[in-house]
Amino acid sequence: MSSDDSTNAPSTGDSASSEVTSTGSTPAPVGRREAVREKAQQVHVRQSRARLVRRAAWISAAVVVVAAVAVVVGVTVGGAASKPQLSPDRADQDGFVVTSISSTGSVGSPGAAATPTPTEGEPTPSPTVTASTAAPVQIHVYVDYLSPSAREWQLANEPQLSSWVAEGAATLTYHPVTMLTAKSNGTKYSLRAASAAACVATYAPASFFQFNSDLLKRQPAVDSDGFSDKDLADIASANGTGDEPKKLRECIETEMYASWAKAATERAVAGIDGTDGLSLTGNAMVIVNGEAYQGEMTDPAEFSQFVLTSASGKSAKNATPTPTPTPSATP
């Protein structure tokens, strides 16, 4: 072989070394760094995508929750706004006139004399209001069913009240009020009881007097929970359900007239119609012919005297004066 041929012939050792460097299983340091960088970028991309997916899921869930809350609030507010403030049909100036008094129970029998006929040696009884009065006495009772004073007055005067109403000597109107709503451990008993009384006056008017009396006789203690709505419905049912017992119970248990009772109390505090500037200032108030009774709540004789005096005054005011004849001239 010539020297030119040996010079131009490729070297076997150099070729093998080149192949190992470019095609061998062990990459060069620069190639390794590129591979690591590429893999890190792929991991970063996957993590970013996962974060985006989680964030989108949280945002979607939050949107759903907010939308649900908005719907509930809208329905609640809309329902409250569209729901009418119900008022009992039988209310007369925010009160209920007693039209019937049963002879059962502890209530005095209709027609019975308010005061027994005295016998010799017995003390003179309290004055009696009779139907011979020129006009029936107007008695308005503002009653909070948690008020001890209201209970005392009712128990003391119930027999003569029932007698006066039965004889037509007086008209008796009860106005349920809610002055002690905050005095029942948060259960708002006064408000619920007043609403229940309005329900009874609406759906079972014949038993209103008995229900009113029963609530006062069984009065819970101040600062106690009071009766539940179911208990109030049971008490009403025990005194008479009228023609629509289901509606009566539903009315009581849903507190149908609670808003009306609260508003009626506020109106009474602002001023009482038919009086000379009187307003409700306590949790029990009795007004006779426009004048507030200031006597002892537990003394029926004192109240009877007050009623008789009011009746006499009203009769004098309403009496038509007899004209004095004019003497004729002597012919």
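Two strands count as paired if DSSP finds at least two bridges between them. In this predicted model, strand E4 (residues 284-288) and strand E5 meet that condition, with two bridges in the antiparallel sense. Within this pair, Ile 287 stands opposite Ala 292 of E5.

The chain holds ten helices and five strands. The five strands form an open sheet, and their order is E1-E3-E2-E4-E5. The pairing in this sheet is mixed. Strand E1 (96-97) and strand E5 (291-292) stand at the edges. Each has a single partner strand, so one side of each is left without a neighbour in the sheet. Strands of a sheet pair through backbone hydrogen bonds, either parallel or antiparallel.

Both senses of pairing occur at strand E2 (residues 137-143), parallel with E3 and antiparallel with E4. Seven bridges link E2 to strand E3 (residues 170-176). His 140 has Thr 173 in E3 as its bridge partner. On the E4 side, five bridges are found. There, Val 143 is matched with Ala 284. E2 is also mostly covered, with five of its seven residues buried. Helix H4 (residues 148-167) completes a right-handed β-α-β unit with E2 and E3.

Ala 170 gives a local view of this region. This residue lies in strand E3. Its relative accessibility is 8%; the limit for a buried residue is under 20%, so Ala 170 counts as buried. Ala 170 and Val 137 are 33 residues apart in sequence, yet their C-alpha atoms are 4.4 Å apart in space. Beyond its neighbours within four places in sequence, Ala 170 is in contact with Pro 136, Val 137, Ile 139, Trp 164 and Val 165.

Across the chain, 32% of the 331 residues are buried. In soluble globular proteins, nonpolar side chains tend to be buried together. The largest nonpolar core here has 57 residues. Those with the most contacts inside this core are Ile 139, Leu 172, Tyr 174, Phe 208, Ile 252, Val 286 and Phe 303. Helix H5 (residues 189-203) gives the most to the core, with eleven residues. A second, separate core has eight residues, among them Tyr 142, Ile 272, Met 285 and Ile 287.

Ile 252 of the largest core shows how such a residue is surrounded. Leaving aside neighbours within four places in sequence, Ile 252 is in contact with Ala 196, Cys 199, Val 200, Asp 229, Leu 232, Ala 233 and Ala 236. For the chain as a whole, consider the contacts with a separation of 6 or more. Residues 24 or more positions apart account for 72% of these contacts.

The largest pocket has a volume of about 270 Å³. Its lining has 20 residues, and the closest to its centre are Gln 93, Tyr 142, His 175, Ile 272 and Asp 273. Helix H9 (258-270), E2 and E3 each supply at least two lining residues. The largest share, four residues, comes from H9. Two of the names recur: Tyr 142 and Ile 272 belong to the second core and are also listed among the residues closest to the pocket centre.

Technical notes:
Residues numbered from 1 in each chain as written. Predicted model: local features only at pLDDT ≥ 70, side-chain atom pairs only at ≥ 80, totals over all residues. Heavy atoms only, no water. Core = buried A, V, L, I, M, F, W, Y, C linked by side-chain atoms within 4.5 Å. Buried < 20%, exposed > 50% of the residue type's maximum accessible area, 1.4 Å probe, protein only. Contact = heavy atoms within 4.5 Å. Right-handed = clockwise from strand over helix to strand, strands pointing away. 1 Å grid on protein atoms, 1.4 Å probe; cavity = no way out; pocket = protein on both sides within 12 Å on 5 of 7 lines; lining within 4 Å. Points joined across faces, edges and corners; volume = space filled by probe spheres on them.
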